[in-house]
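Please look over the sequence and the structure shown here before reading on. The walk-through that comes after them is meant to be read with the model open.

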Amino acid sequence: MTAPMLAAPGTTTAVLEARSLTKHFPVHGRVPGAGRRLARAGRPAPVVHAVDDVSLALTAGSVTAVVGESGSGKSTLARLMSRLITPTSGELLLHGRAVPRSQRRHLDYAKTVQMVLQDPFASLNPIHDVHYHLSRPFKVHGMAGSAADLDAKIATVLDRVALTPADLFVHKYPHELSGGQRQRVAIARALAVQPRVLVADEPVSMLDVSIRLGVLNLLADLRDRDELAILYITHDIASARYLADRIVVMYAGQVVESGPAVEVTDAPAHPYTQLLLSAAPDPQRVTPVALRGAGAPRSAVAPPSGCRFRLRCPYAMAICAEQAPPAFPAGNGHESACWLLGEGNESSAAHGQGTKPVPATTSAGEATSRVPALPGRRPTVPGVGEDTPDTDRGEVMSTDE
Ligand SMILES: Nc1ncnc2c1ncn2[C@@H]1O[C@H](COP(=O)(O)OP(=O)(O)OP(=O)(O)O)[C@@H](O)[C@H]1O
Ligand code: SF4
Ligand SMILES: [Mg+2]
């Protein structure tokens, strides 16, 4: 997608903005269809197109979810936005000002933009207790103060992630905590320096289903109470709909669709988003769904010309191989990089659509429910999805998990 997808219309200045971020990794070793052949022909060395020309903006008090299948570039984008890696091209703007590429100001940046990783067990050092982990950010950023001050700050930050009373947790080691509690400690560590942006890379995918919702609701509370701008990376589009205000869909390193979460999930405009939604498990679905465009993603080293999804797309047309589709408006702040939304597109007309997507059909040609029944935000059925005080306390308060 070439046109930038920035903040939702009508929103205020972004806290953190990515403009045309691109990250290409060099390829080591022999790559089928590339490598030596290209080198012999004097062409540039092959690279992995992990992220290509991605623009997005994170605003205060909102969650932006980035969804996409494995290898679509989600973690690379998260690492770029956290400045853990440097972009091949493109820039970051923090509070509207360009972030210099030099590492000298990295501590200042890290104080504003914090990252939470997927695996809380791996991100916490097993030989240190919670007190050690939570004291580090205060010390690194020169905010520790006296021992009593530090203890009080650690208790406050544990309270913010609902690990209370703090005394119960502060001297525990990672193996003495449940997965949900470990992730809460990791989030507490990120919150210690009072960041304005939280980049959470698959923060619940390693957690038991029953405690995922507690952590998602914690992120929602941080957005609402502390006005944090949150980038929520996930491959689970249902959780993105539940938590996020906006959804950005990535495929093969590029943004293919973006818009308000409900719009993108209720009326997906891009065939890849339709595929993601049709593949999402739905307990209420009684008949098997016909996946349109199933198949494996193609090489990230030599992506296809034009639309990168075209070799898997059931609606591919000649133009899809010739030109990369720009972002077309799909209504209500919703955009999709698909030629089906282009003016005068024959395929759109043949499918009886204007600017909306093609209905999925079975092989027999009958319409299927393309979009599974997804939970709305904040389910209210106790015990099914609601983060009731009881379930949350069960996870948080148990000391012998
Ligand atoms: N350090 C690296 N060196 C070379 N290639 C890399 C590096 N990091 C990521 N890649 C490649 O970049 C592409 C995007 O990877 P990335 O980890 O961002 O995907 P992802 O969407 O987060 O996938 P997953 O859902 O499996 O975590 C992949 O093809 C991956 O192999
Ligand atoms: S119709 Fe063309 S542009 Fe749209 S997703 Fe399919 S291949 Fe890509
Ligand atoms: Mg990843």
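What follows goes through the sheet, then one of its strands, then a helix and the ligand shell.

The model is predicted, and a convenient place to enter it is an open sheet of eight strands, in which the pairing is mixed and the order reads S6-S7-S8-S3-S9-S10-S12-S11. At the edges stand strand S6, residues 113-116, and strand S11, residues 328-329, and because each has a single partner strand, one side of each is left without a neighbour in the sheet. The partner of S6 is strand S7, residues 197-201, to which S6 is joined by four bridges, the two strands running parallel. Within this pairing, Gln-114 has Leu-198 of S7 as its bridge partner.

Further along the order comes strand S9, which sits between S3 and S10. Towards S3, four bridges hold S9 in a parallel arrangement, and here Val-66 is found opposite Val-248 of S9. Towards strand S10, residues 254-260, there are six bridges, and in this case the strands run antiparallel, with Val-249 opposite Glu-257 in S10. S9 and S10 together make a hairpin that has two residues between the strands, and in its turn Ala-252 adopts a positive phi of about 50°.

How many of the residues of S9 are buried? The count is six of the six, so S9 is largely enclosed by the rest of the structure. The side chains can be followed in two sets, since Arg-246, Val-248 and Met-250 point one way from the strand, whereas Ile-247, Val-249 and Tyr-251 point the other way, and all of these residues are buried.

Helix H2, which spans residues 74-81, links this sheet to the ligand shell in our reading order. H2 lies across S3 (62-67), S6, S7, S8 (229-234) and S9 (246-251), and its direction is at about 155° to that of S8.

Around ligand 1 there are 13 residues, and those that come nearest are Phe-25, Ala-50, Ser-70, Ser-75 and Thr-76. Two elements give two or more residues to this shell, namely strand S2, residues 47-58, and helix H2. Of the elements, H2 gives the most, with three residues. Sorted by class, the shell holds eight polar residues, four nonpolar residues and one charged residue. H2 is therefore a helix to view from two sides, as it lies across strands of the sheet and also contributes to the surroundings of ligand 1.

Conventions: Residues are numbered from 1 along each chain as its sequence is written. Chains are lettered from A and ligands numbered from 1 in the order in which they are written. This is a predicted model: local features need pLDDT of at least 70, side-chain atom pairs count only at pLDDT 80 or more; totals for chains, interfaces and linings use all residues. A residue is near a molecule or strand if its C-beta atom, placed from the backbone, lies within 6 Å of it. Ala, Val, Leu, Ile, Met, Phe, Trp, Tyr, Cys and Pro count as nonpolar, Asp, Glu, Lys and Arg as charged, and the others, Gly among them, as polar. Two strands pair if DSSP finds at least two bridges between them. Two residues are in contact if their C-beta atoms, placed from the backbone, lie within 7 Å. Axes are lines fitted to C-alpha atoms, for helices over the stretch in contact, and angles run from 0 to 180 degrees between N-to-C directions. A residue is buried if 20 or more other C-beta atoms lie within 10 Å of its own, exposed if 12 or fewer, and partly exposed in between; C-beta atoms are placed from the backbone.
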